[in-house]
Amino acid sequence: MSLGEAVPRIAPRPVDVAAIERELAGLWRETSSASEGGPAILRACMSNLVVFCADPEEARSAEPEIAAVVERHPSRVMLLVAQGTPRDDALDASVSAMCHLTGPGRAVCSEHVMVSAGRRALAALPSAVRGLLIGDLPTSLWWATREPPPAGGPLFGELAGLADQVIYDSAEWKDPAAGVVETARWVEESARAAVSDLAWRRLKPWRRALGQALDPERLPGALAALEELDLAHGPHGLPEAWLLVGWLAGRLGWRPRRARVSPGSEIVWGFDGPAGPIRVTLRRLAEGPPALRGLELRWRGGGGPRRARLEARAADRISVSFGEAAAPELVLPVPPAPRAELLVRQLPKLGRDRSFRDALALARRLAEALLP
């Protein structure tokens, strides 16, 4: 069955926030009675999944993604929505269930709680979540908004304090430089939770492609002799490009030296590497998705090609060509990775990812060059 294919969900019913747990128990009793003669309803839960959206529009976008996630990772979902309505002190809740067929005559359901809060009621959300957590299960916080997590202030801090894992997505941040700097600072200070940026997961095919393209058995000495790296990214895709540079610099022992910024289009960085200086150029394309679109590497010495180019071809493959060749010599498939799929892959990863943290720390240094 494909990701996200669901049977109709059990319809939401409004409840008082203090009565959510009682209403959930009643919902399951009624569901068990109503299932006689129909599909057997199984209640399943692998984790607590707390989702924060900054407005109702974001919540509407997240709902189908949540349904796709719980098909593969059943969870008790707590969807928190900032309303920003004239009823600033309002705190409204509803309970329902998302169900998916797992075979003939059988459906698995995950609990779904939505809590909507006006501006003056946002401070009550962590307390509401705390009372709903299933204590013997891990808790993941998905910060499903276009603002970086630290922009959430005390609300984010309290929700993150309840979580074993924090997941966010830096794609489409309005101010990527400030977002990367503040988020990296928070990650450095966060000793408790595992942290992940979905942009880091999107880079996995690129990291794999780089490893295959510059494999020492294919191109002996190329990695150590790199002199230039040019990256092209779509609008709002700068954090992803920074993370890739941070990862590569960390692996190869590069130290950032200086930056030159051309407003709106290009950033040039100088690095010191073990074998000499390296020039890194980041170019923003005028259009396209907020992601890495291509990179070119140049190195000195050796008897073979001294240039490799990696390009995103459509959404499902990366091509690799060498030297002056126009035709790709490698074409690497990229599995489809909508946001729900990235979340499904990330939720079981509850350990601290040192490679990501190191890449983010160096990305912070690159981002600081753009701040006043």
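Is Phe52 buried or exposed? In this predicted model, Phe52 counts as buried because its relative accessibility is 6%, below the 20% cut-off. The legends below begin with the whole chain and then turn to the surroundings of this residue.

**Figure 1. Overall fold of the predicted model.** The protein contains 10 helices and 17 strands. Its C-alpha trace extends over about 75 × 50 × 35 Å along the principal axes. The radius of gyration is 23 Å, which agrees with the value near 21 Å for a compact globule of 372 residues. Among contacts with a separation of 6 or more, 72% join residues that are 24 or more positions apart.

**Figure 2. Surface and charge of the protein.** Of the 372 residues, 51% count as buried. The accessible surface amounts to about 16900 Å², and carbon and sulfur atoms contribute 52% of this area. Positive side chains number 47 and negative side chains 45. The centres of these two sets are 4 Å apart.

**Figure 3. Close-up of the Phe52 and Trp143 rings.** A pair of aromatic rings is described by the distance of the centres and the angle of the planes. The structure holds 7 aromatic pairs. In the pair formed by Phe52 and Trp143, the ring centres are separated by 4.5 Å and the planes meet at 20°, so the arrangement is stacked; the angle limit for this class is under 30 degrees. The pair links distant parts of the chain, with Phe52 in strand E3 (residues 47-53) and Trp143 in strand E7 (residues 139-143), 91 residues apart. Trp143 is buried, because its relative accessible area is 3%.

**Figure 4. Close-up of the Trp143 and Phe156 rings.** Trp143 also forms an aromatic pair with Phe156, and this pair is edge-to-face. The distance is 5.1 Å centre to centre, with 75° between the planes. Trp143 belongs to strand E7 and Phe156 to helix H4 (residues 153-161), so the pair ties together parts that are 13 residues apart in sequence. Both residues, Trp143 and Phe156, are buried.

**Figure 5. Close-up of the aromatic cluster.** Which residues form one aromatic cluster with Phe52? The cluster consists of Phe52, Trp143, Phe156 and Trp186. Within this group, Trp143 takes part in the stacked pair with Phe52 and in the edge-to-face pair with Phe156. The buried members include Phe52, as well as Trp143 and Phe156.

Conventions
Residues numbered from 1 in each chain as written. Predicted model: local features only at pLDDT ≥ 70, side-chain atom pairs only at ≥ 80, totals over all residues. Heavy atoms only, no water. Helix = DSSP H or I, 4+ residues; strand = E, 2+ residues; numbered from the N terminus. Rg over C-alpha atoms; globule rule 2.2 N^0.38 Å. Buried < 20%, exposed > 50% of the residue type's maximum accessible area, 1.4 Å probe, protein only. Contact = heavy atoms within 4.5 Å. Areas by Shrake-Rupley, 256 points an atom, 1.4 Å probe, with all protein chains shown as cover. Lys, Arg positive; Asp, Glu negative; His and termini not counted. Charge placed at Lys NZ, Arg CZ, Asp CG, Glu CD. Phe/Tyr/Trp six-rings, centres within 6.5 Å; stacked < 30°, edge-to-face > 60°.
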